[in-house]
Amino acid sequence: MKQIEKCKNSKSRFPLRFKIWIYFILFTIAVFVLLWIFQIFFLERFYESMKKHDASQCESKISQAFDTMSTSDFSDYIKEIAVDNDMCIEVLDRYGRSIYSCEVLGDCLIHGKSNSTNIYRVNIDKSENKNIRYRVKNPAGYDMLLYGCTLGSADAPDGYLLLNSALVPVGSTVTIIKRQLMIITVALIIIAFFLSLYLSEKIAAPIDRITKAAENLAKGDYNTKFDGRGYLESQKLAETLTYAEHEISKVDKMQRDLVANVSHDLRTPLTMLKAYAEMIRDLSGDNPVKRNEHLEIIINETDRLALLVNDILDLSKLESGKQQLSPSEFEISSKMTEIIDRFKGISERMGYHIHFTPDNPRNVVCDEIKIQQVIYNLINNAINYTGDDKQVFVRQINKPEGVLIEVEDTGDGIEEDKIKLIFDKYYRSENHKREVVGTGLGLSIVKAVLKLHNYDYGVRSRLGKGSTFWFMISDVANDKKEE
C-alpha cells in the first residue's frame with residue numbers, strides 16, 4: 001500500500017490518456033507547421049531548384065544522345081524531351097546554324113532570334129567550362145532559364161546545345177495553396193482532436209482496468225480478474241499478472257500453512273518441555289528414576305526443536321545462495337550403507353524394514369555432507385509415508401552418466417497433479433503421514449541441495465502403489481569445474 005501511495009504522489013500527475021492525446025495533437029500541429037513552411041515559404045525556391053535540376057539533366061541526356069543516336073532518332077528524342085519538360089531546345093552546328101529545333105514556349109529567347117543565338121554560342125566558347133547558365137527575362141517580362149553547352153569536344157565542338165525553360169510565377173499558386181491548406185488544416189485539426197481523444201481512451205482503457213485490478217491484488221484479493229482486452233500487449237500483461245496472482249496466492253497459502261505447521265511443531269515440544277520441567281520440580285525431583293525419565297524426554301524434545309531450527313536455517317542458506325559446495329571424492333555404496341545403519345534403532349523399535357540394494361562400488365565427486373543429507377531426508381520421508389507393511393526400498397544403480405539413487409515406499413502414492421508440487425518449500429501432502437522422523441522440511445532441503453549441485457531429480461508415483469524418489473549423482477569431473 002505504501003508503494004501505491006508513493007506512485008500516487010509521484011511527479012507524473014497526468015494520466016496516460018491525457019499524455020497520448022497531447023502527443024497526438026502536438027504531432028498533428030508539427031506536421032502542419034512543416035507543411036506550411038515547405039508549401040508556402042519555400043515553394044518558389046524549391047520550384048526553381050527543381051527546374052534548374054531538370055534543365056541540367058536534359059542537357060546531359062541530349063549531349064550523350066548526340067554522339068550515339070541516328071539523325072531521325074535524335075530529332076524525335078529532342079521533341080520528346082522538350083514536350084515532357086516544357087522547354088525549347090535548339091541544336092546548332094559548329095558554325096551556329098540550326099540543325100535541330102523544337103519550340104514549345106511563346107516568347108522563346110532562342111528560336112527565330114539568330115543574332116541572340118549566335119551571341120549565346122560565342123558566350124559558350126568564351127566560358128571557362130564551355131557552358132552557360134543564365135536566368136534572364138523574356139520580352140514579356142517573365143524570368144527564364146537559359147542553359148547552353150558544347151556538343152562533342154569542348155576545344156573543337158561539333159555543335160552547340162541551347163535550352164530555354166520558363167520560370168512560371170508561383171505567387172498565385174501559393175495563394176491558392178494557402179487557402180486550401182487553411183481549410184485542410186482547420187478540418188484535420190478538428191478531426192485529429194476527436195480522433196486523438198478516441199485513441200487515447202482506447203489505448204488507456206485496458207491499462208486503467210489492469211491497474212485497478214492490480215490495486216485489488218495488492219490488498220490481498222486473489223480472486224481479481226485482469227481484463228486486458230484491447231490490444232496484444234495489454235492482453236499479455238493481463239495474462240502475466242493473472243499467472244503472478246495465481247503463484248502469489250499459492251505461495252501465500254503455503255506460507256500460512258508453513259507458519260501453522262512450524263508453530264504446531266514448536267508448540268508441542270515447548271509444551272512438553274514446560275510440563276516435564278514442572279513435573280521434575282513438583283513431583284520427581286527426589287525420585288532419581290522418574291527424574292531421569294523426565295529429563296530424557298526433555299532432552300529428546302530439545303533435540304527435536306534443534307533439528308527443526310537447523311532445518312529451517314539450512315533451507316534458508318541454501319535458497320539464499322550463501323551455502324557453498326565443498327566437493328570431495330568418496331565411495332557411494334559404503335556411504336549409503338552407513339546412512340541406513342543409522343535407522344537400525346527405528347527399525348528395531350518400530351518395526352520398519354529398510355532394504356538396500358547396492359551396485360558395484362563407485363566413487364563420486366560431490367559435497368559429501370549435503371548428499372548424505374539428501375539421502376537421509378529421502379529415507380525419512382519414505383518412513384513417514386510408507387504403507388502399513390512398513391517397507392522401504394533403497395537402491396543404487398550405476399549408469400554411464402553417474403549413479404542413480406532411488407528410495408521407494410509402499411504408501412498411498414501421490415496424485416498426478418500434486419507431483420510437481422511435492423518438492424515445493426511450503427507444500428505438505430494430504431496423504432497419510434505418521435511423522436515418525438523429520439521436521440516436514442526434508443524434501444525442500446533435498447530440492448535445494450540437488451539444484452545447487454545441478455543434478456536431475458524427480459518422483460514416480462501411482463495411487464495405492466507408493467512413490468519412488470530418485471536423483472542422479474554425476475561423477476564427471478568437468479561438471480564439478482563448471483560449478
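How many bridges join β3 to strand β4? Seven bridges link β3 with β4 (residues 143-152), and the two run antiparallel. Strands count as paired here if DSSP finds at least two bridges between them. Let's see where this pair sits.

The model is a predicted one, in which local features need pLDDT of at least 70 and side-chain atom pairs count only at pLDDT 80 or more, while totals for chains, interfaces and linings use all residues. Residues are numbered from 1 along each chain as its sequence is written, and side-chain values use heavy atoms, leaving out hydrogens and water.

**The whole chain**

The chain holds 13 helices and twelve strands. Both are DSSP runs numbered from the N terminus: helices are H or I with at least four residues, and strands are E with at least two. Of the 483 residues, 37% are buried. Buried means under 20% relative accessible area, exposed means over 50%, and partly exposed lies in between (1.4 Å probe, protein chains only). The chain exposes about 28500 Å², with carbon and sulfur atoms supplying 55% of that area; the areas come from the Shrake-Rupley method with a 1.4 Å probe, and for residues only the protein chains shown count as cover. Contact means heavy atoms within 4.5 Å. Among contacts between residues at least 6 apart in sequence, 65% join residues at least 24 apart.

**The sheet around β3 and β4**

Five strands form an open sheet in the order β2-β1-β5-β4-β3, with antiparallel pairing. Its edge strands, β2 and β3 (131-137), each pair on one side only. From one strand to the next, the twist averages 15°. Helix α3 packs on this sheet, touching β1, β3, β4 and β5 (157-166), and its direction makes about 25° with that of β4. Such angles run from 0 to 180 degrees between N-to-C directions, with axes fitted to C-alpha atoms, for helices over the stretch in contact.

Back at our opening pair, Asn131 has Cys149 in β4 as its bridge partner. The two strands form a hairpin with five residues between them.

**Helix α4 and its two sides**

Helix α4 (residues 71-85) has 15 residues and reaches 21 Å from its first C-alpha to its last, close to the 21 Å expected at 1.5 Å a residue. That expected span is 1.5 Å times one less than the number of residues. Which residues of α4 are buried? They are Phe74, Ile78, Ile81 and Ala82. These four cover an arc of only 100° around the axis, so they lie on the same side of α4; the arc is taken from the directions from the helix axis to the C-beta atoms. An α-helix has 3.6 residues a turn, so residues three or four places apart point the same way. The buried residues of α4 pack against α3 (43-68), β1 (87-93) and β2 (98-102). On the other side, Val83 and Asp84 are exposed.

**Residues with a positive phi**

Here are some backbone spots to find in the structure.

| Residue | Place | Phi |
|---|---|---|
| Asp86 | just after α4 | about 55° |
| Lys130 | loop between α5 (114-126) and β3 | about 60° |
| Gly141 | turn of the β3 and β4 hairpin | about 95° |
| Lys390 | loop between α11 (368-385) and β9 (391-399) | about 55° |

Lys130 is partly exposed, with a relative accessible area of 22%. Lys390 is partly exposed too, at 24%.
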